[in-house]
Amino acid sequence: ALVASTAAYAQNYPTKTVTVIVPFAAGGPTDTVARLVAQSMSKTLNQQVIVENVGGAGGTIGAARVAKADPDGYTLFLHHIGQSTAPALYRKLSYNAIDSFEPIGLITDVPMTFVARKDFPAKDFKELVSYVKANKSKVTYANAGVGSASHLCGMLFMSAIDADLTTVPYKGTGPAMNDLLGGQVDFMCDQTTNTTSQIKSGKIKAYAVTTKSRVASLPEIPTTAEAGLGSFEVAVWHGLYAPKGTPKPIVDSLSKALQVALKDSNVKQRFAELGTEPVAENRATPDAHRAFLKSEIDKWSPIIKKAGVYAD
Ligand code: MLT
């Protein structure tokens, strides 16, 4: 009876609005990816797919909310690499980064950029590094809280140059960008999905990209390796989740809708304009996503423990 009713239930799914929780403030990079994917999934699922921003604690407040939500397919979660760093950064998480969720599929890997307020004195990345080392805690670094991608990049940067900065946490790098544009904060490492338009309009300075090769939409910006920071690479992967226990037929229809979104011409064009692209089809499956998330948790935990950075 239960199987039959689940099958019938899944057959008609979705019969009402689907909410995608984004664990950072509106207007930031995670929100940008989520709204593009949600727009396409609305068409495929023939129901409203809306984004709700639940910020705080580097994305773990939003994650905890979804981990406790009904596994009925109407509350989803779109998060990035922070899903894999939180278990090492937060020793008292109220959820398990893998077991409290049903991975639906990976979405995109977004490069990061070191950017500063327009009148920041350094003229290139080398000068940025020497300025930071000389001025240490007088330099303010914006991030989206411990567990965010901007926090992770900053943590790696500080250990690479062996200098501590004064970090200013925001509910997302959308709000952080407002302060960077206003000159209230000195610099940050943020995703091209959020920095590209401000860089191109000359409202902020860009020093380097955190990828092996240059970003096609930002050809004039050197990689950190070219700029002398060795093998510094951070690409912010993003994935879609449902709460653990969501019936498999619903996970399957969500996975199909995600696959359609990753082939959607508008999604692909906007991603390209913002320095990124959809992941290959074979990575946008629940099993590939789960395996990748596990490998990322295993990769980042020792690095974070070695850096001795904890949030709680
Ligand atoms: C991050 O730093 O994790 C993201 O940029 C936060 C956001 O999407 O606002």
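**View 1. Residues around the ligand in the predicted model.** Of the 13 residues that surround the ligand, Thr30, His80, Ala149, Ser150 and Thr173 come nearest, where a residue is near a molecule if one of its heavy atoms lies within 4 Å of it. By class, this shell holds four nonpolar, eight polar and one charged residues, with Ala, Val, Leu, Ile, Met, Phe, Trp, Tyr, Cys and Pro counted as nonpolar, Asp, Glu, Lys and Arg as charged, and the others, Gly among them, as polar. At least two residues of the shell come from each of α2 (29-45), α6 (149-161) and β7 (187-191); helices (H or I, at least four residues) and strands (E, at least two) are DSSP runs numbered from the N terminus.

This is a predicted model, in which local features need pLDDT of at least 70 and side-chain atom pairs count only at pLDDT 80 or more, while totals for chains, interfaces and linings use all residues. Residues are numbered from 1 along each chain as its sequence is written, and side-chain values use heavy atoms, with hydrogens and water left out.

**View 2. Polar contacts and cover of the ligand.** A polar contact with the ligand is a pair of N or O atoms within 3.5 Å. An N or O atom in the side chain of histidine 80 is 2.6 Å from an oxygen atom of the ligand, a polar backbone atom of alanine 149 is 2.7 Å from a ligand oxygen atom, and a polar side-chain atom of glutamine 191 lies 3.4 Å from an oxygen atom of the ligand. Of the 270 Å² of accessible area that the ligand has on its own, the protein covers 100% (Shrake-Rupley method, 1.4 Å probe).

**View 3. Backbone details in two loops.** Tyrosine 13 and proline 14 are joined by a cis peptide bond with omega of about -5°, and proline 14 lies in the loop between α1 (2-12) and β1 (18-22). Lysine 136, in the loop between α5 (125-135) and β5 (140-143), has a phi near 40°, a positive value in a residue other than glycine.

Conventions:
Polar contact = N/O pair within 3.5 Å; in protein donor to acceptor, adjacent residues only side chain to side chain.
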